[in-house]
Amino acid sequence: MESSLAFSLKLSLKVASVATLLVMLFGTGIAYVLAKKNFPGKEVMDILLTLPLVMPPTVTGYYLIVIFGRNGYIGKIIYDMTGFSLMFTWYAAVLASFVVALPLMIKTTRAAIESVDEKLINASYTLGRSEFETALKVIFPLAGKGIIAGVVLSFARALGEFGATLMLAGNMPGRTDTMPIAIWSLAGGGDWPGANRMVLMLTFMSVIFLYVANRYSRRII
Amino acid sequence: MVLSVTLKKRVKGFELDVAWSMANELTVLFGYSGAGKSMTLQMIAGLMRPDEGTVRCDDEVYFDNAGKIMVPPRKRPFGYVFQDLALFPHMTVRKNIIYGIKGMKRNERRLLTDKIVERFHLKGLAHKLPSEISGGQKQRVALARALARRPKLLLLDEPFSALDNTVRIEMRSLLKEIRHEFNIPVILVTHDLVEAYTLADRMIVYYGGRVAQSGSRIEVFHDPCSEEVARLVDMRNHFGGLDIIHRQFTKAVPSFSGNVM
């Protein structure tokens, strides 16, 4: 079953990479807004986005089915329009990983953005730079360590995503069985040597990522 | 250039209420810390919003609560030097300076930056980070950066307070030179008496959120208009006395010429 290990490894890396890319894009933007803006509903937004961090992933997965399932609020519209459903595809695994990893990115990035000295931001404004330019050239570079730490954490979290992924993408061997799901499946089927290989692989990768994260930021994690 | 401001702002336990104007001169906002000097500067620059008032420079209105005008700081042509300088720690000296220059061709930008770097004696330091240079050098970078975008007015918020005395003296003369070279009006916030005395063309004395006195340096130092101002400018010979014209007991201060006011 060497090829199934390779498949799961590749699928896991693909899912985690795409999810992390999305997390970076949305997470930085959302973290900036939460750190710098005041608007009604900010608290609610913060809580909703943090929920996946504290809820069991199966609950998060359940909500995602309610929203994106074939008969879900958004899923139905997509299905009616295109005949495509996210469920039981690797996209579903990406979505699950994205939602579960997002709060980690937001938390670390927001803290990093808030720690940038207000005076430097004001200095940038008085030097004729817009808010966008200031964010790009002053805030993000100075919050860089925190942002990188957030990215690494998100990647590690996405790589280990199990509960929500299982709810949303299922366990389809050769299609949606990421490493955690394959491990669950192998162990359930009594294939201990196969499970061992994957467990060791996943543990090794997690250690590497945490090491990188620690190197980049000792304070945030 | 004429700058005129009327500013009102209420914050916890403090109320600022000032109105003054200045021309092309070096104006010192002088007073104890907490008198509202820095706040005034921030409102001129647009970093803080007054409750009421106006900020005008020549024909331009930058703030007017009646006309609902609040020009954002980036669109106000004022150079600002912060109390702790606020140099960008991740940019080299040169990048810090070039940061404020916009709307120019690459070549022109480079030439202008070269000129400024040279003028402020920063040539050997251009590729160093702010953390690698001395206090006086940082000071020169901050001034250079604020002037690079050719502002109409330079705002300095106690920029020399953290320096050694010798460097401070050097910076004062540099500031005088720049002011004439660039022909730029300057507002300097300070509570340092010597600094005020050596630099000011004009002094605006703040006391508890109000203007206690405004006038030329000579006027303020030699003819303080009240006991508070006299104390602020370190005049020690104030006496109590009887004001015979108004028939009231008063605290009086002798003017420099020896007459009792």
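Visitor: I'm new here. Which domains does chain B have?

Guide: The domain assignment splits chain B into domain 1 (3-225) and domain 2 (226-261). Keep in mind that this is a predicted model.

Visitor: How many residues does each domain of chain B bring to the contact?

Guide: Domain 1 of chain B puts in 13 residues, and domain 2 of chain B puts in 11 residues.

Visitor: Which elements make up the side of domain 1 of chain B that touches domain 2 of chain B?

Guide: At least two residues each come from strand 10 (202-207), strand 11 (210-216) and helix 7 (217-222) of chain B. Helix 7 of chain B gives the most to that side, namely three residues. Sorted by class, that side of domain 1 has nine nonpolar residues, three polar and one charged.

Visitor: Let's move to chain A. How should I read a pair of packed helices?

Guide: In general, you describe two packed helices by the angle between their axes and by how far apart those axes are. Here, take helix 6 (residues 118-126) and helix 7 (residues 131-142) of chain A: they pack at an angle of about 140°, and their axes are 10 Å apart.

Visitor: Why is helix 6 of chain A called oblique to helix 7 of chain A?

Guide: Because of that angle of about 140°. Roughly antiparallel would need an angle over 145 degrees.

Visitor: Is the crossing left-handed or right-handed?

Guide: Helix 6 and helix 7 of chain A cross in a right-handed way.

Visitor: And which residues make the contact?

Guide: Helix 6 of chain A uses Leu120(A), Ile121(A), Ser124(A) and Tyr125(A), while helix 7 of chain A answers with Thr134(A), Val138(A) and Ile139(A). By class, this contact has five nonpolar and two polar residues, with no charged ones.

Key. Residues numbered from 1 in each chain as written. Chains lettered and ligands numbered in written order. Predicted model: local features only at pLDDT ≥ 70, side-chain atom pairs only at ≥ 80, totals over all residues. Domains from an automatic or database assignment. Contact = placed C-beta atoms within 7 Å. Helix = DSSP H or I, 4+ residues; strand = E, 2+ residues; numbered from the N terminus. Nonpolar A, V, L, I, M, F, W, Y, C, P; charged D, E, K, R; others polar. Axes fitted to C-alpha atoms, helices over the stretch in contact; angles between N-to-C directions. Parallel < 35°, antiparallel > 145°, perpendicular 65-115°, else oblique. Left-handed = near helix turned anticlockwise from the far one by under 90°.
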